[in-house]
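Reader: I'm new to reading structures and I get lost when I try to take in everything at once. Could you pick a single charged spot, take me through it slowly, and then show me what lies beyond it?

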Amino acid sequence: SFNGTWKIDRSENYVKFMEQMGVNLVKRKVAEHDNLKITIEQNGDKFHVKESSTLRTKEVDFTLGVPFDYTLADGTEVSGAWEMEGDMMKGKFTRKDNNKLLTTTRTLVGGELVQSYNYEGVDAKRIFKKQ
Ligand code: MYR
């Protein structure tokens with residue numbers, strides 16, 4: 001299950017992804033070494049996710065399939081929802097400032113939590129280990 005506390009171990013192409021998102025250099029530099037930790041509590045369709053990093057601490061509640069608003073760590077506002085497809089969480093979010101789509105997935109691979117991101121043709125991954 002996704003439940004538990006997950007600590008960032010490594011990222012792939014995350015800086016390029018942030019560039020594509022339009023995140024400025026100073027924020028990219030901080031975000032690259034953000035020590036991100038996410039705690040996931042799933043109860044059926046309902047999730048509570050706590051995010052903590054050098055950038056901020058934030059908690060959110062959502063239900064699979066139900067749209068919600070969220071502010072990304074760089075301040076970008078999005079709206080969208082998570083769904084479950086097999087064992088994979090699939091998120092579809094739309095930026096409020098330009099209506100462009102940001103997709104993301106969470107999946108468990110060999111005991112690690114892998115989160116993928118796509119924005120405007122650029123893919124990235126962040127890989128977390130269970131704490
Ligand atoms: C959650 O489940 O953690 C809350 C909803 C997350 C929505 C979007 C996730 C994409 C984050 C991309 C970070 C990009 C920073 C520029």
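Author: Let's start with one pair: the side chains of E112 and R10 are joined by a polar contact of 3.0 Å. (A polar contact is a pair of N or O atoms within 3.5 Å; within protein, one has to be able to donate a hydrogen and the other to accept it, and residues adjacent in sequence count only if both atoms are side-chain atoms.) Keep in mind that this is a predicted model, where local features need pLDDT of at least 70 and side-chain atom pairs count only at pLDDT 80 or more, while totals for chains, interfaces and linings use all residues. Residues are numbered from 1 along each chain as its sequence is written, and side-chain values use heavy atoms, with hydrogens and water left out.

So where does E112 sit? You'll find E112 in strand β9; helices (H or I, at least four residues) and strands (E, at least two) are DSSP runs, numbered from the N terminus. E112 is buried, at a relative accessible area of 14%. Buried means under 20% relative accessible area, exposed means over 50%, and partly exposed is in between (1.4 Å probe, protein chains only). Leave out the neighbours within four places in sequence, and E112 is in contact (heavy atoms within 4.5 Å) with W6, D9, R10, T107, I127, F128 and K129.

Now for the charges. Side chains of opposite charge can pair when their charged atoms come close. A salt bridge here is a side-chain nitrogen of Lys or Arg within 4 Å of a carboxyl oxygen of Asp or Glu, and the structure holds 10 of them. One of these links E85 to K90, at 3.2 Å from N to O, and K90 is partly exposed, with 33% relative accessible area. Back at our spot, salt bridges with shared partners join D9, R10, E112 and K129 into one network.

Two other pairs are worth a look. E32 bridges to K29, with 4.0 Å between the closest N and O atoms; because these two are three residues apart in helix α2, about one helical turn separates them. E32 is partly exposed at 34%, whereas K29 is exposed at 52%. The other pair is D69 and K96, whose closest N and O atoms are 3.2 Å apart. D69 is in strand β5 and K96 is in the loop between β7 and β8, so this bridge ties together parts that are 27 residues apart in sequence. K96 is partly exposed, at 41%.

Strand β5 (residues 68-71) also holds F68, which is buried at 12% relative accessibility. Not counting residues up to four places away in sequence, F68 touches V60, F62, V78, S79, G80, A81, W82 and F93. F68 and W82 are 14 residues apart in sequence, with 9.2 Å between their C-alpha atoms.

Last stop: helix α1 (residues 14-21), where Y14, F17, M18 and M21 are the buried residues. Seen down the axis of α1, they fall within an arc of 95°, so they line one face of the helix; the arc is that of the directions from the helix axis to the C-beta atoms. The buried residues of α1 pack against several elements, including our strand β9 (112-119). Just after α1, G22 takes a positive phi of about 85°.
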